[in-house]
Amino acid sequence: MTAREFAQTLGLLHRFGIPHTVVGAHGGAGIPGKAAAAARRSLGLTRLARRERFDLAVAHGSTDQPLAARLAGTPQVTMFDYEHAAGMHHWNGRLARRVLVPDAIPEAALWRYGMRSPRLVRYPGLKEEYYLADLRPDEGVRAELGLDDSRVVVVLRPPPEVTLYHRGASTELFAAVLDRLMDEAARVQTVVLPRTPEQREALRGRPAVVPQRPVDGPSLVLASDLVVSAGGTMNREAAALGVPAYTPFAGRLGAVDRRLIAQGRLRRLERADDLALVPRAHGARPRLRDPEVLVDLLLGAALARPAPTASMARS
């Protein structure tokens with residue numbers, strides 16, 4: 001397991017006791033900084049892979065690992081679930097031995113990146129439906145954060161302001177949502193998970209719960225009544241766990257989010273007043289998927305097996 005120093009990544013690894021090697025750090029908001037950081041991390045990963053002689057490299061949305069794996073001669077699997085990050089996909093799609101994406105993304109949408117079957121494999125559902133299948137929620141998360149059972153609990157994840165494909169509109173809408181929730185503090189308890197020190201500082205003095213250390217995200221989602229996330233993963237975790245989720249994302253929606261919206265599992269937020277601040281019924285969770293399906297698709301790249309079709313993966 002490798003990780004870069006950014007946001008809560010290292011803190012979460014420490015919290016869950018996951019052994020890891022730190023390679024590189026985030027390059028900031030600008031393209032030159034991102035490019036320099038990617039070059040340094042790719043070099044570090046290449047050296048690590050050559051030294052350790054791995055049988056397989058797997059990454060989700062990494063710009064660094066595919067190049068490092070190619071230079072080290074290591075088979076590599078690239079995963080992603082947002083098809084419009086063109087710069088990343090033009091690069092990764094041509095370097096990976098196998099590309100795994102949700103079946104919501106049509107194959108034709110990826111041809112321009114050099115991705116075609118059989119190297120391109122589309123798996124059923126969401127990646128979150130696989131890795132959350134064996135989730136054992138931390139029942140202590142409510143006490144850890146001092147959550148009040150008498151109030152509606154809302155989890156907010158701000159826009160990743162250093163991500164190039166986000167625009168100002170989603171940030172402005174998120175600010176309006178935060179203002180509304182702060183005005184409703186008597187009946188609504190808002191947990192905000194800032195991504196950067198600047199976001200954390202901006203929350204100082206406001207009636208929000210801001211965790212001082214990384215928290216168990218899926219357990220927090222299950223403890224909440226609704227989630228508002230400007231990123232994708234937390235919203236998809238909420239959708240997988242049956243928790244109402246809203247996206248204020250102002251960029252071009254991907255196929256996964258469009259499918260979730262069509263299924264009623266995700267709502268696109270256009271105004272702060274659109275939030276339904278009501279308690280939800282905490283009942284049985286939706287049925288999730290067998291993680292072994294995804295594991296077999298990953299390991300098949302190292303073993304040079306033909307990828308199963310989507311219909312085979314469902315069986």
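# A guided tour, starting at Met1

Select Met1, which sits in the segment before strand 1 (2-5). You are looking at a predicted model, and Met1 is a handy place to begin. With a relative accessibility of 63%, Met1 counts as exposed. Now add Phe16 and Ile18 to your selection: together with Met1 they make a nonpolar patch on the surface, with about 310 Å² of accessible area between them.

**Along helix 2**

Next, pick Gly44 in helix 2 (residues 31-52). Gly44 is partly exposed, at 22% relative accessibility. If you also select Glu184, you can follow a long line through the model: the C-alpha atoms of Gly44 and Glu184 are 48 Å apart, and 140 residues separate the two in sequence.

Stay with helix 2 and select Arg51 and Glu52. Their side chains meet in a salt bridge, 3.6 Å from N to O. Arg51 is exposed, with a relative accessible area of 57%, whereas Glu52 is partly exposed at 43%.

**Salt bridges, outside and inside**

How many salt bridges does a search of the whole structure find? There are 19. For another one, select Arg204 and Glu201, whose side chains come together at 3.0 Å, N to O. Arg204 counts as exposed, at 62% relative accessibility, and Glu201 as partly exposed, at 45%.

Then turn to a network: Asp81, Lys127, Glu128, Arg236 and Asp257 are joined by salt bridges that share partners. Select Arg236 and Asp81 from this group; the closest N and O atoms of their salt bridge are 3.2 Å apart. Arg236 belongs to helix 10 and Asp81 to the loop between strand 4 (76-79) and helix 4 (86-95), so this pair ties together parts that lie 155 residues apart in sequence. Are these two partners buried or exposed? Arg236 is buried, at 7% relative accessibility, and Asp81 is buried too, at 8%.

**Helix 10 and its cover**

Now colour helix 10 (residues 233-241), where eight of the nine residues are buried. They are Met234, Asn235, Arg236, Glu237, Ala238, Ala239, Ala240 and Leu241. What covers them? Show helix 5 (127-131), strand 7 (152-157), helix 9 (217-223), strand 9 (226-229), strand 10 (245-247) and helix 11 (255-262), which are among the elements that do. Before you leave, step just past the end of helix 10 to Gly242, which takes a positive phi of about 80°.

**Aromatic rings**

The last part of the tour is about rings, and the structure holds two aromatic pairs. Begin with Tyr82 and Phe249: their ring centres are 6.1 Å apart and their planes stand at 85°, so the pair is edge-to-face. This pair links distant parts of the chain, with Tyr82 in the loop between strand 4 and helix 4 and Phe249, 167 residues away, in the loop between strand 10 and helix 11. Both Tyr82 and Phe249 are buried.

Move on to Tyr123 and Tyr130. Here the ring centres are 5.8 Å apart and the planes are at 80°, so this pair is edge-to-face as well. Tyr123 and Tyr130 are both buried.

For a final stop, select Trp111 and Arg116. Arg116 lies over the face of Trp111, 4.5 Å from the ring centre.

Terms used. Residues are numbered from 1 along each chain as its sequence is written. This is a predicted model: local features need pLDDT of at least 70, side-chain atom pairs count only at pLDDT 80 or more; totals for chains, interfaces and linings use all residues. Side-chain values use heavy atoms; hydrogens and water are left out. Buried means under 20% relative accessible area, exposed over 50%, partly exposed in between (1.4 Å probe, protein chains only). Helices (H or I, at least four residues) and strands (E, at least two) are DSSP runs, numbered from the N terminus. Contact means heavy atoms within 4.5 Å. A salt bridge is a side-chain nitrogen of Lys or Arg within 4 Å of a carboxyl oxygen of Asp or Glu. Patches are made of residues with over 30% relative accessible area and no salt bridge: like charges are joined within 9 Å, nonpolar side chains (Val, Leu, Ile, Met, Phe, Trp, Tyr) within 5 Å. Accessible areas come from the Shrake-Rupley method with a 1.4 Å probe; for residues, only the protein chains shown count as cover. Rings of Phe, Tyr and Trp (its six-membered ring) pair if their centres lie within 6.5 Å; planes under 30 degrees apart count as stacked, over 60 as edge-to-face and the rest as tilted. A charge sits over a ring if NZ of Lys or CZ of Arg is within 6 Å of the ring centre and within 35 degrees of the ring normal.
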